[in-house]
Amino acid sequence: MAKITFTDIGQTYDKDPNQETWALKPMSMTLESGRSYALVGPSGCGKTTILNIISGIINPFQGKVFLDENDVTKLPTAKRNVALVFQFPTIYKSMTVEQNLAFPLVCRKWEPAKIKQRVGDIAEQIGISHKLNRSASKLGADEKQLISLGRGLVRDDVTALLMDEPLTVIDPQLKFELRKKIKQIIEGKDITVVYVTHDQYEAMTFADELLVMSLGKLVQRGTPEDLFERPNSKYVGNFIGSPAMNFFKAEVVDGFAQIGDYRLNTAVNLKKLSDRYLEFGIRPEHVRVQGGPGDNVLTVDFIGFDDLGSTRVLNCLFAGELIKVKVPRSFEMPEQGLIDIKLPKDNLLAYRDGLQVL
Ligand SMILES: Nc1ncnc2c1ncn2[C@@H]1O[C@H](COP(=O)(O)OP(=O)(O)OP(=O)(O)O)[C@@H](O)[C@H]1O
Ligand SMILES: [Mg+2]
C-alpha cells in the first residue's frame, strides 16, 4: 500500500492556461496509506482528472505526485504499481477468463506454475473460479467488471487501486451485489483505494473518507458522518444527504437567529459576529415534530409530505421558507395546517456567503 501525495498539482487541458480554465485548480493533499477514499461531485468537476494524475495517464500541467516518498510525476503508468478499473470493463474478449487474469503476469514473465497459482487465488477471491475456462466475451457486464478488478489486483506489487465509476454500466439489480463484492475483496487487502462516483450512497458505503469536489476544487473531505453533520458549505449540505439540508435566512439579533417572531439558539456563538444576516442550515433528519412550545420550537404550516418508502418528508412553510422534516414511516402524520417543529440548537449551523461560520 502507498500514501498518495499531491503537492501543488494543477491541471489544464488548454495550451494557454489561465485561472478560468483549470480542470483541476492547483491543490495539495495526502491520501493515507491503506485507507479507502471516494471522490464525488457532479460531471466535469475533475474526478477523473485526479485519478488519471495518480495513475500517470495524465502528466499534470504543474505540481508533483508522490507514491509514499517517491516522486512519480514523470513515471509512466506501468511503473507506478497501481491497478485501474474503469467505467467500461477492460478485458480481452478473445481470451478465456483465466488468460485475462494471467495476462499482466505473463507480460511480467512470471513462471507458469506461479501464474496458475496466483490466478487461482484471485479467481477465488472474485468468485469466478468455476468460469476460468469460459470465453470472457460470454460473461455478463458485472462479471467482466470483476475480471477487470481481478486483473488489476493479480500482480503482487499493487499498492493502490483506482476505480473510475466502475458500476455505471452495471444493471441496477446487480449493482448492489457487485458493490458488496468489490468491497469484500478490497477489505482483505492492504491497498489504498480511490473510488470515483457520482453517487453519494455508493461513496458512503464504500469509503472511509469522502472527497467532495466542485468545479475543479476539493471543497471538503471527511468521513460520511463529518459531511452529514458538519457540511462546511451550502454546496456540501446540498450535495450530500437526501433530501438536501434545509437553509433559511435569519437576522442576527442579540446572539440569536431571528426568523419571524422567533429567536433561535444556534451551534455557533452569534454574539461574537458582526453579521446582520446569516443563513442557517439544518438537516431534515435533525428537525423534530414536537407538540407545545419550547426552546427552538417554531409553529409552521405543514403543507404536505413526500413518501420515500421507508421514510417520509414533511414539507413545512415558515416565513416564506420551506423546511423539510424527515420522519420514519411509522410516524403518525399530523393533519395539514399548523404544527410545532424543533430545530435542535446543536444541529443548527450558520453560513456566510455559502461557507460555514465556526
Ligand atoms: N482530454 C481533455 N481535453 C480537454 N478537456 C478535458 C479533457 N478531459 C477533461 N476535460 C475537461 O476537464 C474538466 C474535468 O473533467 P473530468 O473528466 O476530470 O471530470 P469528471 O469529474 O470526471 O466528470 P464526469 O463525472 O463527467 O466523468 C471538464 O471540464 C472536462 O470537460
Ligand atoms: Mg470522470
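Select F206 in this predicted model. Leaving out residues up to four places away in sequence, F206 touches S36, A38, R179, K183 and Y195. Show these five as sticks along with F206. The residue F206 belongs to helix α6, residues 200-206. Is F206 buried or exposed? F206 counts as buried because 23 C-beta neighbours lie inside 10 Å, and the cut-off for buried is 20 or more. Now draw a distance from F206 to S36, C-alpha to C-alpha: it should read 7.6 Å, although 170 residues separate the two in sequence.

**The whole protein**

Zoom out until the whole chain is visible. The C-alpha atoms fill a box of roughly 80 × 50 × 30 Å along the principal axes. A cartoon view shows eight helices and 21 strands. Of the 358 residues, 37% count as buried. The pairing of F206 with S36 spans 170 residues; across the protein, 66% of the contacts between residues at least 6 apart in sequence join residues at least 24 apart.

**Two domains**

Colour residues 4-239 as domain 1 and residues 246-357 as domain 2, following the domain assignment. The C-alpha centres of domain 1 and domain 2 are 39 Å apart. How many residues of each domain are in contact with the other? Six residues of domain 1 meet seven of domain 2. On the domain 1 side, helix α8 (residues 234-239) supplies the largest share, three residues. By class, that side of domain 1 has two nonpolar residues, three polar and one charged.

Next, select S242 and P243. The peptide bond between S242 and P243 is cis, with omega near 0°. P243 sits in the loop between α8 and β11 (246-253). Most peptide bonds are trans.

**The ligand**

Select ligand 1 and display what surrounds it: Y13, A23, G41, S43, G44, C45, G46, K47, T48, T49 and H198. Which element gives the largest share of this shell? Helix α1 (residues 47-55) does, with three residues. Colour the shell by class to find three nonpolar, seven polar and one charged residues.

**The cores**

Stay with helix α1 for a moment, and select I54. The largest nonpolar core has 65 residues, and I54, L162 and V194 have the most contacts inside it. Apart from neighbours within four places in sequence, I54 is in contact with I4, V65, V82, A160, L162 and V194. A second, separate core has 22 residues, among them M245, L349, A350 and Y351. In soluble globular proteins, nonpolar side chains tend to be buried together.

**Helix α4**

Move to residues 141-153, which form helix α4. Its 13 residues reach 18 Å from first C-alpha to last, close to the 18 Å expected at 1.5 Å a residue. Is α4 mostly covered or mostly uncovered? Mostly covered: 11 of its 13 residues are buried. The buried residues in α4 are E143, K144, Q145, L146, I147, S148, L149, G150, R151, G152 and L153. To see what lies over them, show β6 (82-85), α2 (97-107), α3 (112-125), β7 (160-164) and α5 (172-187), which are included in the cover.

**Two positive phi angles**

Most residues other than glycine have a negative phi. Select D8, where phi is near 50°, a positive value in a residue that is not glycine. D8 lies in strand β1, residues 4-12. D8 is exposed because 11 other C-beta atoms lie within 10 Å, and the cut-off for exposed is 12 or fewer.

Then go to A319, where phi is near 45°, also positive in a residue other than glycine. A319 is in the loop between β17 (311-318) and β18 (321-328). With 14 other C-beta atoms within 10 Å, A319 is partly exposed.

**Last stop: T223**

Select T223, in the loop between β10 (217-222) and α7 (224-229). Which residues does T223 touch, not counting those up to four places away in sequence? They are D208 and E209. T223 and D208 are 15 residues apart along the chain, and their C-alpha atoms are separated by 6.1 Å. T223 is partly exposed, with 13 other C-beta atoms within 10 Å.

Definitions and conventions:
Residues are numbered from 1 along each chain as its sequence is written. Chains are lettered from A and ligands numbered from 1 in the order in which they are written. This is a predicted model: local features need pLDDT of at least 70, side-chain atom pairs count only at pLDDT 80 or more; totals for chains, interfaces and linings use all residues. Domain bounds come from an automatic or database domain assignment. Two residues are in contact if their C-beta atoms, placed from the backbone, lie within 7 Å. Helices (H or I, at least four residues) and strands (E, at least two) are DSSP runs, numbered from the N terminus. Ala, Val, Leu, Ile, Met, Phe, Trp, Tyr, Cys and Pro count as nonpolar, Asp, Glu, Lys and Arg as charged, and the others, Gly among them, as polar. A residue is near a molecule or strand if its C-beta atom, placed from the backbone, lies within 6 Å of it. The expected span of a helix is 1.5 Å times one less than its number of residues. A nonpolar core is a set of buried Ala, Val, Leu, Ile, Met, Phe, Trp, Tyr and Cys residues joined through C-beta atoms within 7 Å.
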